[in-house]
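Open the model in your viewer and keep the sequence panel beside it. The tour goes from one selection to the next.

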Amino acid sequence: LVLNRLLKLGGVTFDQHVAQLVRYNHDFLIGRLTSEVLRKRFGVFSEDNNAVLTVSGRDLITGVPQRREISINLVRAAIKEPLEQCVDAIQSLMDRTPSEIRKAVRRNGIFLTGGVANLPGLELYLEEMTGIRVHTAIDPDICAVTGLKMIIESKELKKLAYSMLEENYRWMR
């Protein structure tokens, strides 16, 4: 591990931004699951700039449940800020990375993991914004758990793991 930085950004953050912008622009309240549907349906980059999706929510002026059309452009605007934070973090880490490792990262690229990695067009967006090749991990939603399972089940890799129940773990407390 050379450098790391924790960004508390994930699907929930993107969904909150979508819900807030819908509320602000349309005086229309939608839930987190509806925001998630909008985020997953619309890509960061797609050719169709006129796409809309009809969703259910509550009109904040009348208080009456309604269905309204939400455009792809609104969703893109909502997720723009969290995506810019990701790009800034990548660029900041690359600036602080030693040159020999930076060359390896530029040669091999970076990998996206987690549920947001499935966001259509995210790879292309990050590549264009950072200039670094971007790949999405296989099964990005569960790849960390799959890797941990492999470590636990492998005799060779098990040496990398430790149990919190072992005596040797106490030094970490």
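A polar contact here is a pair of N or O atoms within 3.5 Å; within protein, one of them must be able to donate a hydrogen and the other to accept it. Bear in mind that this is a predicted model.

**Stop 1: H17**

Select H17, which is found in helix 1. Its side chain reaches the backbone oxygen of T13 at 2.9 Å. Now show what surrounds H17: leaving aside neighbours within four places in sequence, the residue is in contact with A78, E81 and P82.

**Stop 2: helix 1 against helix 2**

Stay on helix 1, residues 11-26, and add helix 2, residues 32-41. How do the two helices lie relative to each other? Their axes come within 8 Å and cross at roughly 100°. An angle of 65 to 115 degrees counts as roughly perpendicular, and helix 1 and helix 2 are therefore roughly perpendicular to each other.

To see the contact, show side chains for these two groups:

- from helix 1, G11, F14, D15, V18 and A19
- from helix 2, R32, S35, E36, L38 and R39

Coloured by class, this contact of helix 1 with helix 2 has four nonpolar, two polar and four charged residues.

**Stop 3: helix 3 against helix 5**

Hide the previous pair and select helix 3, residues 72-96, together with helix 5. Helix 5 covers residues 122-130. The axes of helix 3 and helix 5 come within 10 Å and cross at roughly 50°, which makes helix 3 oblique to helix 5. Which hand does the crossing of helix 3 and helix 5 have? The crossing is right-handed.

Again, show the two sides of the contact:

- on helix 3, L83, E84, V87, I90 and Q91
- on helix 5, L122, Y125, L126, M129 and T130

By class, the contact of helix 3 with helix 5 divides into seven nonpolar residues, two polar and one charged.

**Stop 4: T130**

Finish by centring on T130, which lies in helix 5 and is part of the contact with helix 3. Is T130 buried or exposed? Its relative accessibility is 13%; because the cut-off for buried is under 20%, T130 counts as buried.

Turn on distances around the T130 side chain. This side chain reaches the backbone oxygen of L126 at 2.6 Å and the backbone nitrogen of I132 at 3.2 Å. Not counting residues up to four places away in sequence, T130 touches V87, I90, Q91 and R106. Among them, V87, I90 and Q91 belong to the helix 3 side of the contact shown at the previous stop.

Technical notes. Residues numbered from 1 in each chain as written. Predicted model: local features only at pLDDT ≥ 70, side-chain atom pairs only at ≥ 80, totals over all residues. Heavy atoms only, no water. Helix = DSSP H or I, 4+ residues; strand = E, 2+ residues; numbered from the N terminus. Buried < 20%, exposed > 50% of the residue type's maximum accessible area, 1.4 Å probe, protein only. Contact = heavy atoms within 4.5 Å. Axes fitted to C-alpha atoms, helices over the stretch in contact; angles between N-to-C directions. Parallel < 35°, antiparallel > 145°, perpendicular 65-115°, else oblique. Nonpolar A, V, L, I, M, F, W, Y, C, P; charged D, E, K, R; others polar. Left-handed = near helix turned anticlockwise from the far one by under 90°.
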